[in-house]
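Please open the model in a viewer and keep the sequence panel visible beside it. The tour below proceeds selection by selection.

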Amino acid sequence: MSDQVSDPDSQPEEPSGRSVLVTGGNRGIGRAIAEAFLAQGDRVAVTSRSGGGPDGALDLTCDITDAAAIEAAFTEIESAHGPVEVLVANAGITADTLLVRMSDDEWSSVIDTNLTGSFRLAKRAVSKMMRLRRGRIIFISSVVGLLGSGGQVNYAASKAGLVGMARSIAREYGSRGITANVVAPGFVETDMTETLSDDLKATYKAQVPLGRYGSTDEIASAVTWLASDGAAYITGAVIPVDGGLGMGH
Ligand code: NDP
């Protein structure tokens, strides 16, 4: 009989961290969120239409206006990382113009991406979180969802809708250990805001009590905290990360 010496190096590695999905994780706020989860050892998948993302993330192409593409992305994530335990619904678009000039397409494309896309993602994620009896859902809204913003009727409506959706999910699935919260960023310099004129940017900055724009890392910090054990008793909350721009709401 040969002696069996166990070699610790030969043991299969236990997967570390949680299975996290960040939509719109190839750039801007979503990329910073994905990097923050990767830095704490989570297994991170990022999705976008054009692809790309931080090193170490599972990078998937997925248009969130397409339910079949969402289904395919979740299937791939589940086979690589296991069921999604933390969903960050971050992908979003703008199509700004005044109400009287806004076309049906400008309205519906923004609602379909920002609000209905988030609904599709949450629905698919919750189906597996229910069986796990745990899960964290974080929607990236905006200060303008509650404050309103001229020229952004479609965008503000989509972002306000996320609050009602999160709070309803919080009530439906709290008993299964699933939390649903909203992060409402203020002005953050990314591709989304770079098209604004310098004058308009200066006007926004002047309204921010902290007197500066936010950084993508400051949004990521609130998101990782909401997904942490320390935030286990927080659900249905709207966390502003806006330098005080929207306070009072
Ligand atoms: P960016 O424009 O830099 O990034 C948007 C992200 O969403 C990209 O990764 C984009 O990838 C993805 N995306 C857009 N449409 C789709 C789609 N149909 N399917 C899949 N992915 C999509 O924006 P930010 O990083 O600035 O914004 C991130 C989130 O934060 C958004 O929800 C935005 O509304 C919100 N926010 C931003 C603020 C700011 O000041 N920047 C302020 C408040 C809220 P791709 O194009 O490759 O699909």
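## From the first strand pair to the whole sheet

Begin by selecting β1 and β2, two parallel strands joined by five bridges. Within this pair, Val20 has Val44 of β2 as its bridge partner. The model on display is a predicted one.

Keep β2 selected and consider its surroundings. Six of its six residues are buried, so β2 is largely enclosed by the rest of the structure. Arg43, Ala45 and Thr47 point to one side of the strand, while Val44, Val46 and Ser48 point to the other, and all are buried. In general, side chains of a regular strand alternate between the two faces of the sheet.

Next, extend the selection to the complete sheet. It is open and holds seven strands in the order β3-β2-β1-β4-β5-β6-β7, with parallel pairing. At the edges are β3 (58-61) and β7 (238-241), each of which pairs on one side only. On average, neighbouring strands of this sheet are turned by 20° against each other, direction ignored.

## Across the sheet to β6

Select β4 (residues 86-89) together with β5 (residues 135-140): these strands run parallel and are joined by four bridges. Here Ala89 has Phe139 of β5 as its bridge partner.

Moving on to β5 and β6, one finds six bridges between two parallel strands. Arg136 is matched there with Thr179 of β6. The following pair, β6 and β7, is also parallel, with four bridges, and Val183 stands opposite Ile239 in β7.

Which residues of β6 are buried on its two faces? On one side they are Ile178, Ala180, Val182 and Ala184, and on the other Thr179, Asn181, Val183 and Pro185. That accounts for eight of the eight residues of the strand.

## Helices on the sheet

Now display helix α2 (residues 67-81), which lies across β1 (19-23), β2 (43-48) and β3 and runs at about 165° to β3. Then display helix α5 (residues 153-173), which packs on the sheet and touches β5, β6 (178-185) and β7. The direction of α5 makes about 165° with that of β6.

Stay with α5 and follow its length. This helix has 21 residues and spans 30 Å from its first C-alpha to its last, close to the expected 30 Å. Its buried residues are Asn154, Tyr155, Ala156, Ser158, Lys159, Leu162, Met165, Ala166, Ile169 and Tyr173. They pack against α3 (104-132), β5, α4 (144-147) and β6. As a general rule, an α-helix has 3.6 residues a turn, so residues three or four places apart point the same way.

## Helix α1 and the ligand

Select α1, a helix of twelve residues that reaches 17 Å from first to last C-alpha, close to the 16 Å expected. Eleven of its twelve residues are buried, among them Gly28, Arg31, Glu35 and Phe37. Just after α1, look for Gly41, which takes a positive phi of about 90°.

With α1 still visible, show the ligand. How many residues surround the ligand? There are 27, and the closest are Gly24, Gly28, Arg49, Gly92 and Thr190. Both α1 (28-39) and α6 (191-194) supply at least two residues of this shell. By type, the shell divides into nine nonpolar, 14 polar and four charged residues.

## Two stops in the loops

Select Glu189, located in the loop between β6 and α6. Is Glu189 buried or partly exposed? Glu189 is partly exposed, because 14 other C-beta atoms lie within 10 Å. Apart from neighbours within four places in sequence, Glu189 is in contact with Glu194 and Tyr213. Add Ser215 to the selection: Glu189 and Ser215 are 26 residues apart in sequence, and their C-alpha atoms are 7.1 Å apart in space.

Finish at Arg133, in the loop between α3 and β5. Although not a glycine, Arg133 has a positive phi of about 60°. Most residues other than glycine have a negative phi. Arg133 is exposed, because 11 other C-beta atoms lie within 10 Å and a residue counts as exposed at 12 or fewer.

Key:
Residues are numbered from 1 along each chain as its sequence is written. This is a predicted model: local features need pLDDT of at least 70, side-chain atom pairs count only at pLDDT 80 or more; totals for chains, interfaces and linings use all residues. Two strands pair if DSSP finds at least two bridges between them. Axes are lines fitted to C-alpha atoms, for helices over the stretch in contact, and angles run from 0 to 180 degrees between N-to-C directions. Two residues are in contact if their C-beta atoms, placed from the backbone, lie within 7 Å. A residue is near a molecule or strand if its C-beta atom, placed from the backbone, lies within 6 Å of it. Ala, Val, Leu, Ile, Met, Phe, Trp, Tyr, Cys and Pro count as nonpolar, Asp, Glu, Lys and Arg as charged, and the others, Gly among them, as polar. The expected span of a helix is 1.5 Å times one less than its number of residues. A residue is buried if 20 or more other C-beta atoms lie within 10 Å of its own, exposed if 12 or fewer, and partly exposed in between; C-beta atoms are placed from the backbone.
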